[in-house]
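Me: Please take a close look at one sheet in this chain and what packs against it. Then carry on to the parts that help a beginner compare ways of packing.

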Amino acid sequence: MASMDNLREKIKSKRKALQASLAVSSEVTDTRGLVVEEIENGTRLENATIVEEIQNEDEQVENLKRTMKAQRQRRKKMLIDDVGLHPEGSIQEMNVITHRQRTLPSLPETTPRTSFAEYSMREKMREKLKAARSKAQSAIRQEEASAPARRLTRFKDQESVTRFDTEVDDDEMRRPRGDESPFPSSRVRFREIANKAKREAQDELPSAETTYNFFTFNFDPEPEETEAETIKEKQPETLPKIDQEEEEEEEHDEDGEESAVTKEVEEEEEEEDRPLVKDNGEDEDDYLFIIGQTARDFLVVKAPDYESYHSQRQKDRKFLFTPSILTVSTSEKVPENMQPRFLEDEGIYVGERPKVSKSNQNILENRLLKNEEGKKWFGSDGRIIALANPIKRTQTRPSMFSLHEKVDPAIETLYKKAEKSMYDNRYIAGSAELQGHFQLDIDVAGIAFTHHPMFSREHVLASKLSQLYDQYLFRQQKNLANLYSDKLCALRNAVKNITDDRHVKSSVAQRRLMEYKSEIRTIRRMCHMEQEKDWTLLKSLAKVWKDIKSLREFQKFTNTPIKLHLRRQEINRKADEISYECEIQTEVAELLEDYQEEYKNKMEEYKIKYEEWKAWRKAKKAKKKKNKSADEQQVDDAEESSIVEEFPKPDPPEQVDVLLIEQQVRATAARIRRKPGEPVLAPELSMTATVTPTSQCPRGEQLRRQDVQRSTLHTKVIFNNKEVSRTSSRTLASDFKVHFGQIFNVQIVNWPESIKIQIFETVGISTTKVEVFVPIPETSVLTGSVPIEEIEFSSDHRVMFDHEGVGSGVPFSFEADGSNKLTLLTSGKLACCVSWAVSEDGVPLVPPIFEQNIGIQSALKHMDAILSIGASGLTDTKKLAKWAAESRLDPNDPSNTALMQLIMSTTGEAQEKDFFRLEQLQEEFNFVSEDDFNKSKRFRLLQLRNEEVAEFHNYKQVPILDREISEKIFQEYEKKHREKDVVDMTSHLDPHRALVARFLQKVRDSVVSRFLLAKHHHVLSDMVVEEAVPSISMLGISLFKLTEPRRPLRPQRKERKKVTAQNLSDGDINLLVNIIRAYDIPIRKPIGSKLPLTSRSARSINETFSTSQMPQSPTQSHEWFTNQTSVRPFVEVSFQRTIRQTATAEGPNPNWNEELELPFRAPNGNYSTANLQSVTDEVFINVFDEVIYDVLEDDRERGSGVHTRIERHWLGAVQIPFSTIYSQSRLDGTFRINTPPVLLGYSKERNLSSERGWEAVRSLSEGSYLSLFITIEPHLVPGESANEKFETQEDEKLLQRAEKFQKEVKQKFPNRRCVTLATDLTGKLVFVTRFINPLFPPQELLDAFPNDLEATTELVARYVSLMPFLPDSISFAGICDLWCTSDQFLNLLAGDEEEHAVLLCNYFLAMGKKAWLMIGTAIPEGPTAYVLTYEQKQYVIWNSTTGQYYGQFDAFCPLQSVSCLVSADNVWFNMQKYDTVTRIHFDTSKSNFWKPFFSRSFPFPGLSSVQPEELVYRRTDKAAAVELQDKIEKILKEKIMEWRPRHPTRWNRYCTSTLRQFLPKLELSNGAEVGIDHCAELQSLLGDYRISGFPINLSFSELRPIVEAVHSTGVHNTVIPHVEFALAVYVHPYPNNVLSVWIYVASLVRNR
Amino acid sequence: METVYRFPPEKRMAEVHIIGQIVGASGFPQNSLFCKWGLQAGCAWKLLSGLKDGQTQVDNPVIKDMAYWSHPIDIHYATKGLQGWPKLYIQVWHQDSFGRNELYGYGFCHIPSSPGTHEIQCVTWRPLGTWQEQLSQMFVGGGPQLKHSDLIYTGADRYRLQTVAMGKVHLQLSIILRNFDQYGVEY
């Protein structure tokens, strides 16, 4: 009780203080209150620190401020109430009691046990209070009456707080205060609310209503009953209730403090009204306090509050609104005076609504309607606006399968057996990791032929009929015509709506109107189209049926059970007519409207024009008047008027005729629609007709039926070109349908590349094969969920029968007279389906990631969302979007959703919020924006380098700063990317060639990228170089070698060490060219001397190869030789613009024996094998004659000085591509120098006096030769061609045989190349004999020399040689040889030796020659293909790329060895000891000389050719050739002037025109030497000029080689003053755009 | 009047070079180990060059029990944010005397974020499996593996997995950071 007293005293003191403040002013303002509180706070603060030990002082202050604020407000109240409640003390007191409560929670009335801390605090308080008491004792006395009331409230308060904090101990009590600042204030407030509640509790029991009021803070001023006794009794019961309220209130407060604060303000106002009542209460309180301080005094026992349900309902009804569940009528929901509009009926797609129960929907509707703007929730159809049902029918997320039931699939583990990883990368990566094997289920259901060779005529018609009927059913199902007409109706209604809506005259409505109208027009057109189609279909159905009937009648038997009924459906004639008429009228009206609009527009236009015209006329008149007055301006006016004179008088537009339109409409309607009132025809196909039994049929038909019965079918399933299984044989049914119904489960380890089903049909012994490719299923296609698809197939196999069967690919006719021939090919439908299997436990056996790119597989496979989803789609989405916009797709239609989504995602329309972000805060924390990040040039460069993009692959050092990287670096790359599809016309001059170049570039790119991928696969030997450990035998040999006598004069050839290319850098590689000697260099011609003319043009092959040569007069030559300056040749080798030259030698057979060293630089400094292989540079070896002219002007100086000028005259050149040198590592041999057919000033006379020994051998080969040895230092390892297994369509047996054959011969002759399979342009292996097939050369070549077979042969060879040459090694670096078929070759107009040889061989075969393709090696090409022909008991070897031919015993034949011969039906391998041409026996019938591929043990299976049956040649446009000729000439002239920057370049026109006339003659003579005549001619024409020059002949591919060729001759290098030039170009067109380009360059110097 | 032309300050992107090697593994019950590794980085990271996953050779040490791979790692990343700092994840495999491969351990470690050379030891673990699986593992090899190997580094529910500790993988990584100071990242 001591504490009680203390408290009382304390309160008293506080009250005193308050009273003091009250004394100052009765109207306490906030600021004043604050001041007062400041004083009080002093004491309180101290107490607080002791009791609560608040750690953070700042927070404390803050807390205090808040409490102060609350108190202030409360104090206001209290002051008004005249209560003078003192809250400050309460906080402390409450805490004190809290402690007490904790120890004795249930009994508030028991004497509290105080802790030491509390005690001390109390002591302090007491001291303070004493002081205060002494100050204002009197005041306390006065107010003492109210104090007990305070007391009571405090206690209640304490109770509540205690309850609230029962579980919380001291520390926890403190913590919230320290941690979260809002807590104290809320507590204060809560206390205050508690106070209020308590006050009410004093007054009466809190009913439900008051509770409600309590929460909503709508305190009504109510008179308080004051019954001290009841309070005393009731209190205990009330308390829990209050507590409850408080607790709730507490939560409430924490949620929304601010609202509470505002509410408090309201409370203040309310409570202002009840001071009187309070006064009474006060007295009571006072009384209470005085009477008893036991617990009973404060507690009241109350019965639990109850309110009857009914009254509750009654009350609820006042406040709550319960929407009814009755249906709302539609009229309430749509805006007034509006009919509900159903979009669905108007043909606009409306999605399926989500399912909502009717009652719920009604409730919602009722509720919405109560709202103010409730109606906006309803659509025009009077239903709540709803999105379409979002639930998808199909599952889009891959389901996770768990083997164990409880385990979370994410952390599931899987027991794996330890397995050898035997699969390489071509196999499914991770197949060992996951389920092991994967399975494809291939279901071959059956085959239905739509045409079969054994079809009778009736069958043909029947299948046509059933197809038509299918089409009819399909159309019927789609019912497009109706759809369109419905849509038309809807649109018309819409237009009507708009036009009816008078007040909506906005531009939007106008525009929409326009749109609708245009749409109506298109829809009408489409509707007509569909109707017409339907109608014609119906008509043709009827027609075919009629045909069948007549046929059956004609042939007197029935073959097919097919029968067509046309069901008539009578309709109401009148109604139909009316609707028909109505339709026509609307259409006419619409059309009329359209026309009228058009007319109006025109009229307006006309009016404007007319006004203009009028104005102009007026002006003219005015001008005329003016003219009269002012004549001086006449000239100007005349001009003006002449301009304006042409202003025509506009014509008014014509009015349209209604009748005409109607006529038109009726005409179309009659054409495309059923006439009104006619019955509707519905065809019905049935199989009810009886088939005539076989015995009653004529003989032909009987035979046919027998044949049908005899034929059996089976299919093979080919997976990745391997047969995996086959179906059993089934006989063909009479309806030409076969049912297999077999399902093959194919367990796979390889990636599926192709699935093919081969259908074999066997009739007797003959078998025909048809192949059907089945697409590889997507990973989501699983067994059980896929319907069987029908895949169409057809075959162009020709079949003919002597019975009723119509055959296939054979024309036949239904007519008796055989007209109207029809050719049908075997075709049918294969019903099958391929899907991924599902294992027993429901796991799909699908490879984890089904990607096409099987190159680099990451070693760790993890779930990659993008990869598994796969990005397949249409490529050009922009176009698609455009199309979609134009075609007005209905974006709501589900059939268009995929398309629309695609368009949306690309055009970025609805992209904004349509994704879900995984890393939410990524954006906020980014350093830089995405754009900046991607813009970085440095990063781009680094990435491109890393990706091994050709341009950047060898970019060694990337600058460290962005600004150091110039934009130009990417320009070319981007340009290349952009212009991939743009044909560059400028550099090609010829559109066709430009296209070809582009195509070739594409092929090359794809091949190269494939190769790049293949390059990343390494084998052990690539990585590990292991020197073999010397064995005993090796040791023995080396020991034996030591004892060998040394022979220094016979040096042993040491193998050069091979260097792998990657460690090399610039300057490491040199090209060594050893020029040994030359033969038969043309010699200078003495000026003015007459030469013996020996005509060579009329040679025959016979003559040429006869060993007896034409004797030449030695005397003449000898005489000629003696007075001849001969020639001083030297050789210049240029490679990559480095030029080296030998010393000058003397005579036509010079001997240099010099080694020239040329540095080699790889492009981009990339010395990788692949790059070296693709180097396209060529080594030019030019032979020049060094001519020395004496230029001494003055004879007197001759004794003292030598003044000469050296001129070099080009004699010829040898070009060797670097790729050849690289792939062969050395070139050694004698090469023919390409000399021009005419060398002005030089003659090709043979020097007979020297080297007689060689003469016999060489005499026939005309031309100069050069002995060379070329190699690369250091020895580079040539790249090996990637041994990729290409897919093939060849028979498995054949492939095996080929492999065996190659292995066998390789063992015997490892150096001889055996070609059995070649890769075609699509990358498939094809047996070589398939390339050989007689093909006719262009007719005009054959016609050129009708009687001379040899000349024709030569011409053909020349034609082939004119096809531009492009080695595969350049285009497909290191991949392999690709063989084109001849038509591809003619299309591409570029190919290497194989293509040329194949084409030539095919031509020769067509010309009736015996010809073979000869595989061997030649110089300088290396492995190559030539053509061998057998004519007149001689074998002739043709070089197809040059058009040259050689006899078998020609010593200068570039063909060095022969390893294979290929004909159309066999391949022979050279089994002879020697392979040089001269020592070979060419008789292929001797199998010990030539090993045949197809022999008796393995006969030729009759491989069909891959070549076309005949080649189609395009005629070359002569005009284009002339144009090209002019272009080339112009460009070359410019180039020559460009190359002579310091000298004037004069053109001698006379000479040029002479040369131009001469060039066609050269072409006609096949480049043979008609030169001598020509020389004489020229000489006579230009007698006083010294001419040096020559014609060059090239095949045209592009401009660059032409320019290069002219440049390499060095004609422009002449520096003689007053030199003149002549340049003539002639382009001779051959068929198929093959062009022969002749360029004649000459320099002329006037003789003094 | 004088006009001063100034280049706009260049945006320098942050770059990270990770150069080093997977030295080897120790503490595994058997030798003859090889390792599959990969780097996983957030979407703000862009791989500029280098391979971000790979596989080492099998090392079968005759003496001592540490398997050495010395497998080089050289990766260049650019980043536009710190989130998703790259992690290196590792699978250690054992090749037994029959040439069969079985999983020996999973592990991952963060790429160090401070420049300089770091010696990292990455501890590994292996799923334990049921007792049947353990038994069969004892006799016929093989063993439970994670179905989704991204669990190695995501670690969403890994604590529920019963695992056994395996050996350590030793890594030597040198980190070069560039331009991080531009964005106020200190290290």
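Reply:
**A sheet and its surroundings**

A:Pro1129 has A:Asp1185, in strand 21 of chain A, as its bridge partner. The model is predicted, so everything that follows describes a prediction. The pair belongs to a longer contact: strand 18 (residues 1129-1135) of chain A and strand 21 (residues 1178-1190) of chain A run antiparallel and are joined by 6 bridges.

These two strands sit within an open sheet of 4 strands in chain A, whose order is 19-18-21-22 and whose pairing is antiparallel. The edges are formed by strand 19 (1138-1141) and strand 22 (1204-1217) of chain A, each of which pairs on one side only. From one strand to the next, the twist averages 25°. Helix 49 (residues 1599-1609) of chain A packs on this sheet and touches strand 21 and strand 22 of chain A. The direction of helix 49 makes about 35° with that of strand 21 of chain A.

Helix 49 of chain A also packs with helix 46 (residues 1518-1539) of chain A, at an angle of about 45° and with the axes 11 Å apart. The two helices are therefore oblique to each other. Their crossing is right-handed. Helix 46 of chain A contributes A:Ile1528, A:Ile1531, A:Leu1532, A:Lys1535, A:Ile1536 and A:Trp1539 to the contact. From helix 49 of chain A come A:Leu1599, A:Ile1602, A:Val1603, A:Val1606 and A:His1607. Sorted by class, the contact of helix 46 with helix 49 of chain A has 9 nonpolar, 1 polar and 1 charged residues.

A further sheet of chain A can be read in the manner used above. It is an open sheet of 4 strands with the order 37-39-40-38, and its pairing is mixed. Strand 37 (1546-1547) and strand 38 (1585-1595) of chain A are the edge strands, each pairing on one side only. Between them in the order come strands 39 and 40 of chain A. Strand 39 (residues 1620-1630) and strand 40 (residues 1634-1646) of chain A pair in the antiparallel sense over 11 bridges. Within that pairing, A:His1628 stands opposite A:Ser1636 of strand 40 of chain A. Helix 47 (residues 1549-1564) of chain A lies across strand 37, strand 38, strand 39 and strand 40 of chain A, and runs at about 30° to strand 39 of chain A.

Strand pairing also appears in a hairpin. Strand 9 (residues 755-763) of chain A and strand 10 (residues 766-774) of chain A run antiparallel, with 9 bridges joining them. One facing pair is A:Gln758 and A:Glu771, the latter in strand 10 of chain A. The hairpin has 2 residues between the strands, and A:Gly764 takes a positive phi near 65°.

Helices can also pack on one another without a sheet as the topic. Helix 19 (residues 480-500) of chain A packs with helix 20 (residues 507-555) of chain A at an angle of about 160°, with their axes 9 Å apart. Helix 19 and helix 20 of chain A are therefore roughly antiparallel to each other. Helix 19 passes helix 20 of chain A in a left-handed crossing. The residues of their contact divide into 15 nonpolar, 3 polar and 7 charged.

Helix 20 of chain A has another partner in helix 18 of chain A: the two axes come within 9 Å and cross at roughly 155°. Helix 18 and helix 20 of chain A are therefore roughly antiparallel as well. Helix 18 passes helix 20 of chain A in a left-handed crossing. The contact of helix 18 with helix 20 of chain A divides into 13 nonpolar, 3 polar and 9 charged residues.

Side chains of opposite charge can pair when their charged atoms come close. In this model, the side chains of A:Arg475 and A:Glu530 meet in a salt bridge, at 2.4 Å from N to O. A:Arg475 lies in helix 18 (residues 457-478) of chain A and A:Glu530 in helix 20 of chain A, so the pair ties together parts that are 55 residues apart in sequence. Over all chains, a search of the whole structure finds 29 salt bridges.

Note on methods
Residues are numbered from 1 along each chain as its sequence is written. Chains are lettered from A and ligands numbered from 1 in the order in which they are written. This is a predicted model: local features need pLDDT of at least 70, side-chain atom pairs count only at pLDDT 80 or more; totals for chains, interfaces and linings use all residues. Side-chain values use heavy atoms; hydrogens and water are left out. Axes are lines fitted to C-alpha atoms, for helices over the stretch in contact, and angles run from 0 to 180 degrees between N-to-C directions. Angles under 35 degrees count as roughly parallel, over 145 as roughly antiparallel, 65 to 115 as roughly perpendicular and the rest as oblique. A crossing is left-handed if the near helix is turned anticlockwise from the far one by less than a right angle, and right-handed if clockwise. Ala, Val, Leu, Ile, Met, Phe, Trp, Tyr, Cys and Pro count as nonpolar, Asp, Glu, Lys and Arg as charged, and the others, Gly among them, as polar. Two strands pair if DSSP finds at least two bridges between them. Contact means heavy atoms within 4.5 Å. A salt bridge is a side-chain nitrogen of Lys or Arg within 4 Å of a carboxyl oxygen of Asp or Glu.
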